[in-house]
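Please look over the sequence and the model below before reading on. The text after them is a guided walk through the structure.

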Amino acid sequence: MAPSPARLLIFLLPTPSLTPPPPVRRPRRAWAGTARCAAPEAAASGGFVVIEDDLSELLQILPRDLRDNLQNEPRRDQLLEVILDLGRRPEARFLGNSGGQYLRDSEISQLELEEAQRAVGKFGGDNRAGIEGTLHRISAIRSRKGLVVGLTCRVGRAVNGHVDRVRDLLNYKESILFLGRPGVGKTTVMREIARVLADEFQKRVVIVDTSNEIGGDGDIPHAAIGGARRMQVPEPSMQHRVMIEAVENHMPEVVIVDEIGTEAEAQACRSIAERGVMLIGTAHGERLANIIKNPVLSDLIGGVETVTLGDEEARARRTQKSILERKAPPTFPFLIEMRERHYWVTHRTERSVDMLLHGKKPLVEVRKRDNEFQVIIERWATYDGGGL
């Protein structure tokens, strides 16, 4: 059966109004197979968001009745993932909904799981696989005997438009860490930033792609990353080595890495930053305080140490003699809390960490979209996150 063509969803958006005004936009290189069909007046007055989801490719691995069900689902454009667990009813989950929707009354059989697994192919050491030429991710749950007893089929989408909220920060040429819970869109943002830095800023960009989530499955990366180069990682435990290899062998100006989660990866980030290379990275967490309290990742924001003050100094500061201080410059001068897909809180990391350690509320920038999808930046807002 010949694969169905990718579906394209195009939404017209007004031009974001930023202060200071954003740089003049250069024409964007169209992806292969992507048509620019915005109205002339829209193109003249603003940009547009293009979403490519290749949803039909993901549906091909599902049982036929589930495929037909989802093809007729009015909310399929908001489909987040499909859950196939042995002995349970199949479930679809959608963006914006905390619960799921059962797709049929009968349970998933072992035969259906095996057929889906054959359609996907071999899983890696992290129990993840992809569909070649797409951004979809299939993750396996295994029994103690190593048999696949569950699949999470996650929809991968290439989205243009998120970068408008951080375009001014990219001009600083300083490293940025995106912090957010799973599913908030961190990887999607990484993908678009890679394309913009490579194609519009004309930077040498290398993506360290551990699970092929940013550049898609297969040896040829997805067109959504533009001219950025992609280095695949054989095993998740080798991510920090590939990060250093990227810098030593390929002379990048920007390194992009998703899901920084180990001490070795945090140390690799510091080593790369000290060589003058810009880093764009992500980590799991909801607030800056999560990183400060995390002994494995705290080095990303400069690390924390206990300092004992003298009596006079303690009286002058009106604090206890033992206090917490940042011990080094942060690896990432900017940190962005992705609270929701359209609501971000931006920190100047050094200043925010110091103020939180001293029990004060830092000033931050709130970057969001309004109901008309215009970008709004609230400067000098008092941080509403919890303290330490």
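The paragraphs below go from the whole chain to one helix and then to pairs of charged side chains.

The model shown here is predicted. Its secondary structure consists of eleven helices and 20 strands. The protein has 388 residues, and 51% of them count as buried. The surface that the protein exposes comes to about 18800 Å², with carbon and sulfur atoms supplying 49% of that area. Contacts also say something about how the chain is arranged. Taking contacts between residues at least 6 apart in sequence, 61% join residues that are at least 24 apart.

Cysteines are a natural next item. A disulfide is a covalent bond between the sulfur atoms of two cysteines. How many disulfides does a search of the whole structure find? The number is zero. Two cysteines can still be placed by their accessibility. C153 has 0% relative accessibility and therefore counts as buried, since the cut-off for that word is under 20%. C269 is likewise at 0% relative accessibility, so C269 counts as buried.

Helix 4 shows how a helix can be described by its sides. This helix spans residues 110-120, and its buried residues are E112, L113, A116 and V120. Why do they count as being on the same side of helix 4? They cover an arc of only 100° around the axis, and this puts them on the same side of the helix. The face turned away from that buried side carries the exposed residues L111 and R118. What covers the buried residues of helix 4? The cover includes strand 3 (79-85) and strand 6 (128-130), along with strand 7 (137-142) and strand 8 (148-154). After helix 4 comes G121, which has a positive phi, near 105°.

The remaining topic is charge. Side chains of opposite charge can pair when their charged atoms come close. The structure holds 26 salt bridges, and three of them are described here, beginning with one inside a helix.

E192 forms a salt bridge with R195, and the closest N and O atoms of this pair are 3.6 Å apart. Both residues belong to helix 6 (residues 186-199), where they sit three residues apart, about one turn of the helix. Are E192 and R195 buried or exposed? Both E192 and R195 are buried.

Another salt bridge joins the side chains of D209 and R230, at 3.0 Å from N to O. D209 lies in strand 11 (residues 205-209) and R230 in strand 12 (residues 229-232), so this pair ties together parts that are 21 residues apart in sequence. D209 and R230 are both buried.

E378 and K368 also meet through their side chains in a salt bridge, 2.9 Å from N to O. This pair links distant parts of the chain: E378 is in strand 20 (residues 375-382) and K368 in strand 19 (residues 363-369), ten residues apart. E378 has 34% relative accessibility and so counts as partly exposed. K368 counts as partly exposed because its relative accessibility is 24%.

Salt bridges can also share partners. One network formed in this way joins D164, R167, E192, R195 and E200. The pair E192 and R195, described above within helix 6, therefore belongs to a wider set of charged residues in the model.

Conventions:
Residues numbered from 1 in each chain as written. Predicted model: local features only at pLDDT ≥ 70, side-chain atom pairs only at ≥ 80, totals over all residues. Heavy atoms only, no water. Helix = DSSP H or I, 4+ residues; strand = E, 2+ residues; numbered from the N terminus. Buried < 20%, exposed > 50% of the residue type's maximum accessible area, 1.4 Å probe, protein only. Contact = heavy atoms within 4.5 Å. Areas by Shrake-Rupley, 256 points an atom, 1.4 Å probe, with all protein chains shown as cover. Disulfide = S-S within 2.5 Å. Arc of directions from axis to C-beta. Salt bridge = Lys/Arg side-chain N within 4 Å of Asp/Glu carboxyl O.
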